[in-house]
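Got your viewer open? Let's take a walk through this structure, one selection at a time.

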Amino acid sequence: MNQIVKKRALAPKVNEYVISALRVATHCRPGQFIILRVDEEGERIPFTICDYSADEGTVTILVQEVGYSTALLAQKGEGDYIADFVGPLGKATDLSEYNRIALVGGGIGSAVIYPQAKFLRAIGKPADVILGARNEQLLMYLDEFDRSANNLYLATDDGSRGVKGFVTDVLKKRLDENAYDCVMAVGPMGMMRAVCALTKEYGVKTVVSMNPIMVDGTGMCGGCRLTVGGKTKYACVDGPEFDGHEIDWETAMSRLGAYREQEKEHACRLTGERR
Amino acid sequence: MAIERKRRNAIPEQDATIRSKNFDEVALGFDEKVAIDEASRCLNCKNAPCMKGCPVGVRIPEFLAKVREGKFSEAGEIIKSTNSLPSVCGRVCPQEEQCEKMCVRVKIDGAVSIGGVERFIGDYMLSLPSENKEVIKTGKKVAVVGSGPSGLTCAAQLAQKGVEVTVYEAFHKTGGVLVYGIPEFRLPKRLVGAEVDKLKEWGVKFELNTVVGKTITIDELLEQNDAVFIGSGAGLPMFMGIEGENLNGVLSANEYLTRINLMRAYESGSATPVQRGKNVAVIGAGNVAMDAARTALRMGADEVTVIYRRGREEMPARAEEIKHAEQEGIKFRLLSNPVRILGENGKVNAIECVKMQLGEPDASGRRTPVAVENSEFILPADMVIVALGTSPNPLIKDSFDALETGKKGTLIVDESLMTSVDGVYAGGDAVTGAATVILAMGAGRKAAQSILDRLGVK
């Protein structure tokens, strides 16, 4: 059992949870993820770690309500407990060999790159941060990025904040100025794929954080397998971060929908809604 | 000496047509009367050949004699002195390859059903109220990594000698392969739970959701304990590396069985989703393949086909599992090897195989299958389960360089089961590669003895 020590709404249907998990907090590094179960009957769902504090013994995650289990979690408040919380899983990302880094976040992925921004600031190599969302409301962690980013660029689909357009529009401009030797992109697969297509043209190394379907998170089920550079890799133990130019995006996006039919039924049972 | 003929008692089973639609246990077990009758078939051979076939050396004739006298709990104590999980072993041990194979009655009127009687006694022991065992605490502490068969056995042996044991489990539930791998219809999960509860009564602590190497390091465990035992199993599924393997609907037996066994996805209303194939192909012919095939049938498949590149004789599964699978209507495509998996819109719809023939025996003595030219054929399938074995999880090794491993990632140990790191022992599938529950238990027991010797605990 792990306690939710803090919960705040960051955007419609997006909550930040600060969860008490001492061992995870004292062992994790940027790029790693956790798996949680909301209750005793719950499924195991992975989330990338957004922040952690070894002193407080807490780990922060951002959860968007997209289905049954995430909606169930949203019903929990500060002081409540969740059944299981395991991690830190996966390999940590180390970008310290690069000097001119852009961290690109889309939607909820913005929060996932935050520990990286914080880490790069701490080692004296602050990165540029480019965030994108459908609208201003869905941009998150702006104060945090203000403190940790070198330059912070914003883009919204509707132009309600920052540039009207996509993160790729901003990134392209900066790539034209030869601003980066490494790009890290985190967000929906479509966005990561678009970033990779762009950076490939410029020959700039690009790291992406994959979040496929998985069960155990320790290499046992193989559900999270991806085709990377023509080889099968497990996101949970070989990743979650990979060279974005090597990923077979078509397969990855298709595998994300493996349980779509079943998931629809679950959402219905909780909310009564039909999608 | 002439033996009075008396046929072996068959273990009653659920009817195949009924059981193939439910997850209840297939074998129903002996009742008291039949258990006594079966135990009385033991000839009490002086040299006890059966014991030589048992990886943990259960004193078989002795416990059978007690059963014959109706002294079930004394029989249980005898078993438990060397085997801490009799209700599990009575069900999943390959007795026909071990103790029962050595029984002198085997060629006359059938081996004594040692497994059947062991199961009866194991269940009987679990039904007894727990006694408060007074164990003198030694003040020694041991960390056990993994709560599967080797870890549970090691923990039991140590706790009985007054060692303070903490078992670390990566999953949210204890039991390892006994809960995520072996299906409910072969090993009811309540039994594993009951065995774990007994260990808790002896003071064994369990820390769930703890991935050793990630959540806590081996170094930390060594700082906090007098010794460490690694029983992390062989949980990494192997794939074939053929075209189409990453299509939706192609999954490892581990994933399929974990969703169903551990996450209980077979129950309606389960939060964990599972695909329900109508036409399922299972690749491989070991016990896990049989488990996956029979599970798919119970999940509502119309047809389940086991595909295996060698012949019937070479199938690695237990004879009983193959028989059960056949009775339930599983089909077998032997001497067939998958060459690619076909699909449409990212989802599997067929599997292409090539016919094989057996050639010369290889170094291991098994005849090597060779593809027959131009014999490709296509089997329709909406789900493909790959059950080709597993290898040890590199997670622990990756986080602790000092551990030496062999070619296939197995941990290297000496005769006392100590790894290359002083005070760190290992056993079970993590050392041997995928093997049986009982071999893992034997290793857990042996490592516990080595640890007790090291700590000077008598």
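Before you click anything, here's the one term you need: two residues are in contact when they have heavy atoms within 4.5 Å of each other. Keep in mind, too, that this is a predicted model.

**Stop 1: where the chains meet**

Colour chain A and chain B separately, then select the residues that touch across the boundary. You should pick up 41 residues of chain B in contact with 42 residues of chain A. Together the two sides bury about 3,300 Å², and carbon and sulfur atoms give 51% of that. On the chain B side, click Lys214(B), Asn246(B) and Ala271(B): these lose the most area to chain A, together 20% of what that side buries.

Now show side chains for Glu207(B) and Arg23(A). They form a salt bridge, with the closest N and O atoms 2.7 Å apart. The count between the two chains is one salt bridge. Polar contacts add to the picture, with 20 residue pairs between chain B and chain A. Which elements of chain B give two or more residues to the side that touches chain A? They are β5 (236-237), β6 (250-252) and α13 (253-262). The largest share, four residues, comes from α13(B). Colour this side of chain B by class and you'll get 17 nonpolar, 17 polar and seven charged residues.

**Stop 2: helix α13 of chain B**

Stay with α13(B) and select the whole helix. Is it mostly covered or mostly open? Mostly covered: 10 of its 10 residues are buried. Among them are Tyr256(B), Leu257(B) and Ile260(B), but also Glu255(B) and Arg259(B). To see what these buried residues pack against, show α10 (177-180), β5, β6, α14 (287-298), β14 (383-386) and β15 (390-391) of chain B. Then look just past the helix at Arg264(B), whose phi is positive, near 55°.

**Stop 3: strands in chain A**

Hop over to chain A and select β4 (residues 45-48). Side chains in a regular strand alternate between the two faces of the sheet. Here both faces are covered: Ile45(A) and Phe47(A) are buried on one side, Pro46(A) and Thr48(A) on the other. Add β3 (residues 33-37), which runs antiparallel to β4(A) and is joined to it by four bridges. Within this pair, Phe33(A) stands opposite Thr48(A).

Next, highlight the open sheet of five strands in chain A, ordered β5-β6-β2-β1-β7 with antiparallel pairing. The edges are β5 (51-53) and β7 (81-82); each has a single partner strand, so one side of each is left without a neighbour in the sheet. Two bridges join β7(A) to β1 (residues 2-11), and there you can find Gln3(A) opposite Tyr81(A).

**Stop 4: backbone oddities**

Most residues other than glycine have a negative phi, and most peptide bonds are trans. Time to find some exceptions!

- Gly87(A) and Pro88(A) are joined by a cis peptide bond, omega about -5°; Pro88(A) lies in strand β8 (residues 84-89).
- Gly239(A) to Pro240(A) is also cis, with omega near 15°; look for Pro240(A) in the loop between α8 (235-238) and β17 (241-243).
- Ala48(B) has a positive phi near 40°. Find Ala48(B) in the loop between α2 (32-39) and α3 (49-52), buried at a relative accessible area of 10%.
- Asn345(B) has a positive phi of about 50°. This residue sits in the loop between β10 (336-344) and β11 (347-361), and Asn345(B) is exposed, with a relative accessible area of 77%.

Definitions and conventions
Residues are numbered from 1 along each chain as its sequence is written. Chains are lettered from A and ligands numbered from 1 in the order in which they are written. This is a predicted model: local features need pLDDT of at least 70, side-chain atom pairs count only at pLDDT 80 or more; totals for chains, interfaces and linings use all residues. Side-chain values use heavy atoms; hydrogens and water are left out. Buried area is the accessible area (1.4 Å probe) that two parts lose on being put together, summed over both. A salt bridge is a side-chain nitrogen of Lys or Arg within 4 Å of a carboxyl oxygen of Asp or Glu. A polar contact is a pair of N or O atoms within 3.5 Å; within protein, one must be able to donate a hydrogen and the other to accept it, and residues adjacent in sequence count only if both atoms are side-chain atoms. Ala, Val, Leu, Ile, Met, Phe, Trp, Tyr, Cys and Pro count as nonpolar, Asp, Glu, Lys and Arg as charged, and the others, Gly among them, as polar. Buried means under 20% relative accessible area, exposed over 50%, partly exposed in between (1.4 Å probe, protein chains only). Two strands pair if DSSP finds at least two bridges between them.
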